[in-house]
Amino acid sequence: MSTDNKSDPDLKLDIREDDNSVPAARQPAPPPPIVWSSPKAFALSFAARWKSVWTRTFVLSLLAGQVVSLCITCTNVTTTELVNRGWTLSTTQGFFTYFSLFITYTPYTIYKYGFKGWGNLILRDGWKYVILAACDVEGNFLVIRAYQYTDLLSCMLLDAWAIPVCLFFSWVYMGSRYHWTQLLGVLICIGGLGMLVASDELTSKSWEAVAKGKGDGFMIAGATLYGFTNATEEFFVRKRPLYEVVGQLGMWGFIINGIQASGLEWKQMKEVPWTGEIIGILMAFTASMFILYTVAPLLYRMASSAYYNLSLLSSDFYGLLFGLFLFHYRPYWLYFISFAVVLCGLVTYFWHSRPEDQGVSDPKAPIYVGKTRGSPIDEENGTIPTLARD
């Protein structure tokens, strides 16, 4: 996949025209070709291609993808434990995550930009982050609601809708082009998901749908917002510092989520138990989400938001491992095959296109904040495109 900048007369570019091109001296060598002339030549060329895939960036991307997948599993397990103990404030549950992101990354953004620079950031680009945070909050809300109305089979299948949505918005934002091997990798990963769904159906882990049409609609809407949010955040973190993007997401998410929680769940807040055990589980949930929201932008830079979504398909396998110890599940053999298929798809995704080829990462503080602490702004290179002002 390659990235091309699309011209737009309404955008004022603060970057050099050739920023999106890598100098010839630094152009990575093309992957070794597959030779079909003889079985021996094919085996040797395949081995060379296989070896070329395992670059440092790819290994880090693969590991980061499994870290976020494990974090998703931890959030699912802790949410299940909260529900089993009668604590069902789904919106309030996310409040602590956004607050932790806000108090961690926003003070550092203020330290780097200064109060004046941070204020300019709010005034000039705050609206972008409001949209990002609102979509993230509502995506989480809709998906949680979907689980309350539809069955597990629909949730697992429809949640994968985030993958094509993410691919589409990556194309819209960054002009992404996908090699056929990447699309094949997506299909292989979805095939692994199909095996996971079959495993759950064969082991009767699903439940009766209360209102299937309503729940399916919630899941499709939530997955669409997930795909949009992931691609949008990737676009931002490739152009801006991570502490700015995550800090703004946390701040606006904290405000939006707090308003929504106070409006929808203020009565239940007085009724649910607030024991030490509940608070401990909430802390585990928040810690898992904090790690996820921190690692995900790094994965966007190393690989892409699409690869992030594909990596999450392996979370059910980790859920099985948790279930073996916490809920005494009996492992079904198809789980292990499906996990291997998902990993195979993740490798296939970068069989031809390297992680380094997925997009240009050149994060810089916006020029209008002035000189930042510890890293002076290079005004020649500039920053993210911003809307021109009359």
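Which residues are linked with Arg240 in a network of salt bridges? Keep that in mind while you get your bearings; the tour comes to it shortly. One thing to know before you click: this is a predicted model.

**Stop 1: the whole chain**

Start with everything shown as a cartoon. You should be able to pick out 13 helices and two strands. The chain has 390 residues, and 48% of them count as buried. Now switch on a surface. About 18800 Å² is exposed, with 67% of that supplied by carbon and sulfur atoms. If you count contacts between residues with a separation of 6 or more, 86% come from residues 24 or more positions apart.

**Stop 2: the opening question**

Select Asp125, Lys128, Arg240 and Glu244, and show their side chains. These four are the answer: they are linked in a network of salt bridges. Zoom in on one pair from the group, Arg240 and Glu244, where the closest N and O atoms are 2.6 Å apart. Are these two buried or exposed? Arg240 is buried, at 1% relative accessibility, and Glu244 is buried too, at 0%. A handy idea to carry along: side chains of opposite charge can pair when their charged atoms come close.

**Stop 3: more salt bridges**

How many salt bridges does the structure hold? There are seven, so you have more to look for; the cut-off is a side-chain nitrogen of Lys or Arg within 4 Å of a carboxyl oxygen of Asp or Glu.

Select Glu234 and Arg238 next. They form a salt bridge, with 2.9 Å between the closest N and O atoms. Glu234 counts as buried at 1% relative accessibility, and Arg238 counts as buried at 2%.

Then go to Arg85 and Glu81. Their side chains meet in a salt bridge at 2.5 Å, N to O. Here the partners fall into separate classes: Arg85 is partly exposed, with a relative accessible area of 29%, whereas Glu81 is buried, at 18%.

**Stop 4: the annotated spans**

Try colouring residues 58–83, 95–114, 156–174, 180–198, 242–259, 279–300, 307–327 and 333–351. The UniProt record, an unreviewed entry, annotates these as "transmembrane region".

Pick two of them for a closer look. Residues 180–198 are 100% helix and 0% strand, and their end C-alpha atoms lie 27 Å apart. Residues 279–300 are also 100% helix and 0% strand, with 32 Å between the end C-alpha atoms.

**Stop 5: a nonpolar patch**

Bring the surface back and select Trp36, Phe42, Phe46, Trp50, Trp54, Val59 and Leu63. Together they form a nonpolar patch on the surface, with about 730 Å² of accessible area. Which elements give two or more residues to the patch? They are helix 1 (39–53) and helix 2 (56–84). Helix 1 provides the largest share, three residues. Click on Phe46, which lies in helix 1; Phe46 is partly exposed, with a relative accessible area of 39%.

**Stop 6: a glutamate in a loop**

Select Glu265. You'll find this residue in the loop between helix 8 (242–264) and helix 9 (266–271). Despite the loop address, Glu265 is buried, at 5% relative accessible area. What does Glu265 contact, leaving aside its neighbours within four places in sequence? Show Leu89, Ser90, Thr91 and Thr92 to see its partners.

**Stop 7: the cysteines**

A disulfide is a covalent bond between the sulfur atoms of two cysteines. How many disulfides are counted here? The count comes to zero. Check Cys74: its nearest cysteine sulfur belongs to Cys71, 6.1 Å away, and Cys74 is in no disulfide. Then select Cys189 and Cys344. The sulfur of Cys344 is the closest cysteine sulfur to that of Cys189, but at 8.4 Å it is too far for a bond. Cys189 is buried, with a relative accessible area of 0%.

**Stop 8: far in sequence**

Finish at Lys116, in helix 3 (residues 90–149). Lys116 is exposed, with a relative accessible area of 70%. Now add Val369 to the selection. Lys116 and Val369 are 253 residues apart along the chain, while their C-alpha atoms are separated by 7.3 Å.

Conventions. Residues are numbered from 1 along each chain as its sequence is written. This is a predicted model: local features need pLDDT of at least 70, side-chain atom pairs count only at pLDDT 80 or more; totals for chains, interfaces and linings use all residues. Side-chain values use heavy atoms; hydrogens and water are left out. Buried means under 20% relative accessible area, exposed over 50%, partly exposed in between (1.4 Å probe, protein chains only). UniProt positions are given in the numbering used here, feature names are shortened, and annotations may be inferred rather than shown by experiment. Helices (H or I, at least four residues) and strands (E, at least two) are DSSP runs, numbered from the N terminus. Patches are made of residues with over 30% relative accessible area and no salt bridge: like charges are joined within 9 Å, nonpolar side chains (Val, Leu, Ile, Met, Phe, Trp, Tyr) within 5 Å. Accessible areas come from the Shrake-Rupley method with a 1.4 Å probe; for residues, only the protein chains shown count as cover. Contact means heavy atoms within 4.5 Å. A disulfide is a pair of cysteine sulfur atoms within 2.5 Å.
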